Amino acid sequence: MQHRPGSLLHELGHYVDNHHSPGLLGQEGSYADCCMDRPHEAAALAESVGQMVAAYGLRRVYPSVSYTVNGACNLGSLIGNMPHNVVDPACYPGVARFGDDRVDDTGPGGCNKSDGYHMDSVHQAFWELLWGRSCGVVGGTTYCSGMRAPDYADRWMEALLSALRMGNSQHIVQLWDNMEAFIAEAYPSDLALMQHVRQLHEIEALPHAESASCACPQLDGTCG
Ligand SMILES: [Zn+2]
């Protein structure tokens, strides 16, 4: 564990995860294979959720931290592990896409749990939501608009807590679907922002249903 507040808040994130189902994401089973958009991703998702909780904690506990992390553009320097650039016109390389940083589906041993630490797309997306920022890319140039007060971040933590209560066998896109369902119900005026952010970072299930050909069972033993 690295000695920085983000690491402490990351570990707190595991407590939050453990408390809300109850149990940790991915605790149900170990898998011989790694299937995308299946519960196999849940163990990696647990580390990603740790980072999301850390991002929320930093936003709320240290309100002087700027959106671009005091100009360093490096969200990773706050929440630990590999560098993750914040999406901002001043930051390169800009937008991380989920298709590029999904959990590792090659090799034996199930999904690579540690991939969850540096899922840039997911962490950038959550950071944007915590700030109520709407970013995009036009003609290769990143733009961002909007900026909300720190307490605005609470609704996104509520959404995460609501999603965590849905169980420990969720895959990554499913967790975001569950967060979105909560927002649609509780904060419908934020739904468009969430959908925009998900689209920007491409947090969506694989279009060609790669997981359907994955020769491994779901938790209930079926292969649907
Ligand atoms: Zn962790």
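Among contacts in the protein chain between residues at least 6 apart in sequence, what percentage join residues at least 24 apart? Here it's 68%, where a contact means two C-beta atoms, placed from the backbone, lying within 7 Å. Keep in mind that this is a predicted model: local features need pLDDT of at least 70, side-chain atom pairs count only at pLDDT 80 or more, and totals for chains, interfaces and linings use all residues. Residues are numbered from 1 along each chain as its sequence is written.

**The overall layout**

- The protein chain has eight helices and two strands; these are DSSP runs numbered from the N terminus, with helices being H or I of at least four residues and strands being E of at least two.
- Going along the sequence, you'll meet them in the pattern α-α-α-α-α-β-β-α-α-α.
- Out of 224 residues in the protein chain, 42% count as buried. That label calls for 20 or more other C-beta atoms within 10 Å of the residue's own, while 12 or fewer makes a residue exposed and anything in between partly exposed, with C-beta atoms placed from the backbone.

**The core**

- The largest nonpolar core (buried Ala, Val, Leu, Ile, Met, Phe, Trp, Tyr and Cys residues joined through C-beta atoms within 7 Å) holds 56 residues, and Ala55, Phe126, Leu130 and Trp156 touch the most other members.
- Helices that each supply at least two residues of this core are α2 (42–61), α3 (76–79), α5 (120–131), α6 (154–164), α7 (172–186) and α8 (191–201).
- The largest share, twelve residues, comes from α2.
- Setting aside neighbours within four places in sequence, Leu130 is in contact with Ala55, Tyr56, Arg59, Ala153 and Trp156.

**How α1 meets α2**

- Helix α1 (residues 5–20) packs against α2 at an angle of about 120 degrees, and their axes are 7 Å apart. The axes are lines fitted to C-alpha atoms, for helices over the stretch in contact, and angles run from 0 to 180 degrees between N-to-C directions.
- That's why α1 and α2 are oblique to each other: under 35 degrees would be roughly parallel, over 145 roughly antiparallel, 65 to 115 roughly perpendicular, and the rest is oblique.
- On the α1 side, the contact includes Pro5, Leu9 and Val16, and on the α2 side it includes Ala46, Val49 and Leu58.

**The two sides of α8**

- Met194, Val197, Arg198, Leu200 and His201 are the buried residues of α8.
- They sit on the same side of α8, because they cover an arc of only 160 degrees around the axis, judged by the directions from the helix axis to the C-beta atoms.
- These buried residues pack against α4 (98–101), α5, β1 (134–138) and α7.
- Ala192 and Gln199, on the other side of α8, are exposed.
- Right after α8 comes Glu202, which has a positive phi near 55 degrees.

**Backbone oddities in the loops**

- Most residues other than glycine have a negative phi, and most peptide bonds are trans.
- Ser21 and Pro22 are joined by a cis peptide bond, with omega about -5 degrees, and Pro22 lies in the loop between α1 and α2.
- Asp37 is in the loop between α1 and α2, and its phi is positive, near 55 degrees. Asp37 counts as partly exposed because it has 19 C-beta neighbours inside 10 Å.
- Cys73, in the loop between α2 and α3, has a positive phi of about 60 degrees without being a glycine. Cys73 has 20 C-beta neighbours inside 10 Å, so it counts as buried.
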